[in-house]
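Thanks for coming. I will go through one structure this morning, and you should have the sequence and the coordinates open while I talk.

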Amino acid sequence: MRMLLIHSDYLEYEVKDKALKNPEPISEEQRKGRLDEVLAVFMSVEKIDETNPDEVVEKAVEEIKSVAEQVKAERIFVYPFAHLSSELAKPDVALKVLQRIEERLREEGFEVKRAPFGYYKAFRLSCKGHPLAELSRTIVPSG
Ligand SMILES: Nc1ncnc2c1ncn2[C@@H]1O[C@H](COS(=O)(=O)NC(=O)[C@@H](N)CO)[C@@H](O)[C@H]1O
């Protein structure tokens with residue numbers, strides 16, 4: 001799992017075309033989304049994560065929680081992003097991992113949105129630019 005974490009004034013997206021034959025079914029209201037004062041987390045789920053998705057979910061939640069506490073972010077945007085790795089996990093595994101991360105972050109008390117999976121999306125992001133505003137993390141199952 002590769003993550004790019006951007007502490008932002010806002011992140012907003014708009015769904016465009018399908019990027020997969022069978023993208024995640026979404027409601028009309030999910031075609032656009034925005035959060036203000038948000039920790040945006042762009043995530044590529046990787047092939048190696050398929051060996052232990054549950055462990056990768058827990059490690060990702062811990063890392064995201066730790067950064068959110070450091071930058072004092074109470075909102076998280078989980079953003080599927082296939083461009084942080086050349087060893088992507090299969091879409092069905094990746095979607096389950098991202099849905100589980102979303103659920104676990106909500107359980108931890110964050111306000112969470114997740115951008116739709118399997119679509120090309122237009123997005124706007126306003127990075128805050130402070131020293132911890134741009135971070136990346138790599139998470140692998142312990143095997
Ligand atoms: N392993 C993954 N991690 C995160 N997002 C993924 C992953 N696989 C697919 N997606 C989602 O599906 C979209 C398309 O994935 S993609 O790998 O870029 N493209 C494709 O698979 C097809 N265009 C065939 O190449 C991504 O924008 C993302 O929303």
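A word on terms before I start: helices and strands here are DSSP runs, at least four residues of H or I for a helix and at least two of E for a strand, numbered from the N terminus. By that numbering, glutamate 74 sits in the loop between α1, residues 53-71, and β3. I will come back to that loop. Keep in mind throughout that this is a predicted model.

The overall layout, then. The protein chain has two helices and six strands. In sequence order the pattern is β-β-α-β-α-β-β-β. The radius of gyration is 14 Å, close to the 15 Å that the globule rule gives for 143 residues, so the chain is as compact as a globular protein of that length. The C-alpha trace spans about 40 × 35 × 30 Å along its principal axes. Of the 143 residues, 44% count as buried. As for contacts, take those between residues at least 6 apart in sequence: 88% of them join residues at least 24 apart.

Now the strands, beginning with β1. Which way do β1 and β2 run relative to each other, parallel or antiparallel? They run antiparallel, with 12 bridges joining β1, residues 2-18, to β2, residues 32-44. To find the register on screen, go to serine 8, whose bridge partner in β2 is valine 38.

β1 is also joined to β5, residues 119-127, by eight bridges, again in an antiparallel arrangement. In that pairing glutamate 12 stands opposite arginine 124 of β5. β1 has five bridges to β6, residues 134-138, as well, and these two strands run antiparallel. There you can look for methionine 3, which stands opposite arginine 137 in β6.

The pairing of β3 with β4 is in the parallel sense, over four bridges. Arginine 75 stands opposite glutamate 111 in β4. β4 itself, residues 111-114, has two faces: Val112 and Arg114 make up the covered one, while Glu111 and Lys113 make up the uncovered one.

That brings me back to the loop between α1 and β3. Glutamate 74 has a relative accessibility of 64%, and since the cut-off for exposed is over 50%, it counts as exposed. Outside its neighbours within four places in sequence, glutamate 74 contacts Phe110 and Glu111. Its C-alpha atom is 7.1 Å from that of valine 38, with the two positions 36 residues apart in sequence terms. Valine 38 is the residue we met as the β2 partner of serine 8.

Lysine 72 lies in the loop between α1 and β3 too. Lysine 72 is exposed, at a relative accessible area of 70%. What is its backbone doing? Its phi is near 55 degrees, a positive value in a residue other than glycine. Most residues other than glycine have a negative phi. A second case is glutamate 37, with phi near 50 degrees, also positive and also not a glycine. Glutamate 37 is in strand β2, and at 39% relative accessibility it counts as partly exposed.

Next, the C-terminal end. Serine 142 is in the segment after β6. With a relative accessibility of 59%, serine 142 counts as exposed. Not counting residues up to four places away in sequence, serine 142 touches Glu55 and Lys59. Its C-alpha atom is separated by 9.8 Å from that of aspartate 49, which is 93 residues away along the chain.

Last, the pocket. How many residues line the largest pocket? There are 21, and those nearest its centre are Pro80, Phe81, Ala82, His83 and Gly118. The volume of this pocket is about 460 Å³. Several elements contribute to the lining: β2, β3 (75-80), α2 (91-107) and β5 each supply at least two residues. β5 gives the largest share, four residues. By type, the lining divides into 17 nonpolar residues, three polar and one charged.

To recap the strand part, β1 is bridged to β2, to β5 and to β6, and β3 is bridged to β4. That is all I have.

Definitions and conventions
Residues numbered from 1 in each chain as written. Predicted model: local features only at pLDDT ≥ 70, side-chain atom pairs only at ≥ 80, totals over all residues. Heavy atoms only, no water. Pairing = 2+ DSSP bridges. 1 Å grid on protein atoms, 1.4 Å probe; cavity = no way out; pocket = protein on both sides within 12 Å on 5 of 7 lines; lining within 4 Å. Points joined across faces, edges and corners; volume = space filled by probe spheres on them. Nonpolar A, V, L, I, M, F, W, Y, C, P; charged D, E, K, R; others polar. Rg over C-alpha atoms; globule rule 2.2 N^0.38 Å. Buried < 20%, exposed > 50% of the residue type's maximum accessible area, 1.4 Å probe, protein only. Contact = heavy atoms within 4.5 Å.
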